[in-house]
Amino acid sequence: MDIKRRMGFSWIFFLSAALFLAGKRALAELRYSVPEEVKESTIVGNVAKDLGLDISSLVARRFRVVSESEDAFFEVNPHNGELYVRKRIDRDGFCQGRESCLIELKIIVENPLEIHYVVVEITDINDHAPVFPEKQQTFEIGEHTLPGRRIQLHAANDPDAGMNSIRTYTLTSNENFEINIRQGDSEKIPFLVLKKSLDREKKDNHSLIVTAVDGGKPPKSGRLNVSIIVLDSNDNRPTFSQDVYQIAIKENSPVGTQIIKLNATDLDEGINGEFEYSFGKALRRKMYDIFDLDKVTGEIKIKGSIDFEENESFGLDIEAMDKGPNPMIGECRVIIKVVDMNDNAPEIEVTSLSERVQEDSKPGTVVSLIKVKDKDSGVNGKIILQITNDVPFELKPSYKENTYSVVTKTVLDREEVSQYEIILKATDCGEPPLSSFKTLNIQISDVNDNSPHFQQNPLDFYLLENNLAGATVFSVSATDKDLNENAAVSYHIVRDGSKNDLLSFLNINSDNGHISALKSFDFETVKSFQFQVVATDSGSPSLSSNVTVNVFILDQNDNPPVILYPVNSNGSAEGVEEIPRNVNAGHLVTKVRAYDADVGYNGWLLFSLQQVSDHSLFGLDRYTGQIRTLRSFTETDEAEHKLVVLVKDNGNVSLSATATVLVKVVEPKEAFAASDVKSSAKVDEDTDVTFYLMITLGSVSVLFIISIIVLIAMQCSKSPDYTSKYLQETNYDGTLCHSIQYRSGDKRYMLVGPRMSIGSTIVPGSHANTLVLPDRRRPSEEVGWRSVISLLLPTFAVITAMCCPWC
């Protein structure tokens, strides 16, 4: 905490302000110090107060810290302007033994924009004791060695810095040795110095204790046991031309590259003057894997990988030891500086990734967080990140350097693209630039945004009458572009509010859309009907669509011809006709009238004489059923003739009926008398017939008016014609024939009997009795009037046939 809370650490304030009038930006620098290992939320100082900022405006001006480190140790309180410790600081781990441990912070306020630089010095506390790399060192020294002989000892290591680092080394009291300290690059190196010549005959082994003491309060220490073996030997040691050599090499230099060739001399002669080079005994083992020293020539070559990102410099202790009986050693230090090269491609790290994204995600939805880094330094470590392929995603930089968000750029549609591969490319600014790639696989999750779809609407189905009850007659099918349950379609028939009683005889399989009929349909009863099927998916919420189904019943030859005339009183098709003997050829004897409830070829009736007493006397029109004389009667011709007329339809399996006509030939006077008798009898019957005829005509008129009213109501409430319509007509030319007209697209089709319209044309590829009629009416008028005619004409036909057989 600050001075007011008396935390016991020093606070140093330094302010040097330099104003630059470029874009209204001000720069200032503050300097603080804080001990390591202090608690979180410890107050370092009041930055706003020291900078003279208005504390009440700090929140509005977005008063904040922008740290150059990846994980900031400090943060500011925008409400009071205080700089405080955000997390515990380990100076020894963070600064790794450097004398000065500084953290530079950027303090930014906006409106107007100001940038203030704050330097926080992390001061060391004495939390580590000195430690020697080995607990025991053994040396051999020849007797008569002159005082001043120096033996390098292991240097103790203390992670603390400043006053808390190693201050001195001490040696146990003795009369032959003393401790001497040489200041190295970053550490104190202890040397054992011979101050008095040794006498092997008095004492051949000396055991000493070297103690490393730091400058903390209270001080901490570490111990090293030194064993001296006294030998009788040499009195001159090899010496190097320099105590310290400094050289620079490029990283990634190939193995075998010579770094330096050392030169040492020994004033002794013979074997005592010969020496070999070697690495110092205190050298780290890793150095042996990186550098190779020729023990004869003194050449130092590269043996392993030189990586600036791992080590920016190396320090090698080299010894030259002669080959005398009592070897003497000379030492020097080689400092190798490594020059950085652009040898590391950027690294792309996916901090978080949403592998599945819903297709209804809004633009700007975060899909992934990306962090890039480069082990190189300077311009070699500057990175440019981009998306290389064409995808509906983009990069958004974060406030933190080298941190990005991958967000959606547009609305996604799984039905168009269900998976995306986002290719990220990171390129540094080195020469030549290096790049790396990363691929993100994004699956698009389905949402229920597509309703079932019918390929055709409306659907037209043609069904033969007399179908098997309970069997499947047709099916409907809808597709859904969604997946899984969102695409699972079920079907049902719309029955609510329907006035169509036929729907109760239809059943649909909800899984596959197969529709079955629970009864057989009769063309003569119903010719077409309509209903709606709804397809619903299983999504949440579910979506649905409907289709209109038009069913047209096709006729089968299941009705035999019915004889309308002649018919006698007991209902059999028999009649008696009397004609004068003096009639000429071509005289109409009678007309056989018949009716077939079927349509088309099934209702097309043909007449033939199955039995006749004299083929030369009577002839039968095969289409109209008219019986005429072929010649005049002679005296020899019989007075009574029996004709059996066969009436059959033109179905695949023809059905037929017969009528018997008994023709009596009478003299003209008898014919006139018979005619008078018939006229007299008919006068009595006319009254009853006229009465029934009036009732029938009245009923038909009422039926006609009701049909007109119904037609008008239907046209007012009905959408434009979307189905094929049937029209039943009755033609009278001696035979009741049916014709069925229906629409399909822009054409009208007609199924006719024996007589055809002059303006009709046969459609190629169709059945011979299917005609295309010119469409001269508006669709609504045509359907309406034909519906009325289809209701009324059969009734008129039957009444006419019954009341006026000779018409």
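This report describes the fold content, unusual backbone geometry, one surface patch and the cysteines of a single chain.

The model is predicted: local features need pLDDT of at least 70, side-chain atom pairs count only at pLDDT 80 or more, and totals for chains, interfaces and linings use all residues. Residues are numbered from 1 along each chain as its sequence is written, and side-chain values use heavy atoms, with hydrogens and water left out.

**Overall content**

The chain holds five helices and 55 strands. Here helices (H or I, at least four residues) and strands (E, at least two) are DSSP runs, numbered from the N terminus. Of its 807 residues, 43% count as buried; buried means under 20% relative accessible area, exposed means over 50%, and partly exposed lies in between (1.4 Å probe, protein chains only). The accessible surface comes to about 43,200 Å², and carbon and sulfur atoms account for 51% of that area. Areas come from the Shrake-Rupley method with a 1.4 Å probe; for residues, only the protein chains shown count as cover. Among contacts (heavy atoms within 4.5 Å) between residues at least 6 apart in sequence, 65% join residues at least 24 apart.

**Backbone geometry**

Most residues other than glycine have a negative phi, and most peptide bonds are trans. The table gives the exceptions treated here.

| Site | Backbone value | Loop |
|---|---|---|
| Asn111 to Pro112 | cis, omega near 0 degrees | Pro112: between β7 (102-109) and β8 (114-123) |
| Glu431 to Pro432 | cis, omega near -5 degrees | Pro432: between β31 (419-428) and β32 (435-445) |
| Asn252 | phi near 65 degrees | between β17 (244-250) and β18 (258-261) |
| Asn484 | phi of about 50 degrees | between β36 (478-479) and β37 (489-493) |

Asn252 is partly exposed, with a relative accessible area of 42%. Asn484, in turn, is exposed at 65%.

**Surroundings of Pro112**

What lies 3.0 Å from the backbone oxygen of Pro112? A polar atom of the Arg61 side chain does. A polar contact is a pair of N or O atoms within 3.5 Å; within protein, one must be able to donate a hydrogen and the other to accept it, and residues adjacent in sequence count only if both atoms are side-chain atoms. Arg61 sits in the loop between α1 (47-51) and β4 (64-67). With a relative accessible area of 14%, Arg61 is buried. Leaving aside neighbours within four places in sequence, Arg61 is in contact with Leu53, Val109, Glu110, Asn111, Pro112 and Glu114. Both residues of the cis bond from Asn111 to Pro112 are thus named in that list.

**A nonpolar patch**

Val702, Ile706, Val710 and Met714 make a nonpolar surface patch of about 340 Å². Patches are made of residues with over 30% relative accessible area and no salt bridge: like charges are joined within 9 Å, nonpolar side chains (Val, Leu, Ile, Met, Phe, Trp, Tyr) within 5 Å. A salt bridge is a side-chain nitrogen of Lys or Arg within 4 Å of a carboxyl oxygen of Asp or Glu. One of the patch residues, Val710, lies in helix α4 (residues 668-717). Val710 counts as partly exposed, at 43% relative accessibility.

**Cysteines**

How many disulfides does the structure hold? It holds zero, a disulfide being a pair of cysteine sulfur atoms within 2.5 Å. Cys332 is buried, at 4% relative accessibility, whereas Cys429 is partly exposed, at 36%.
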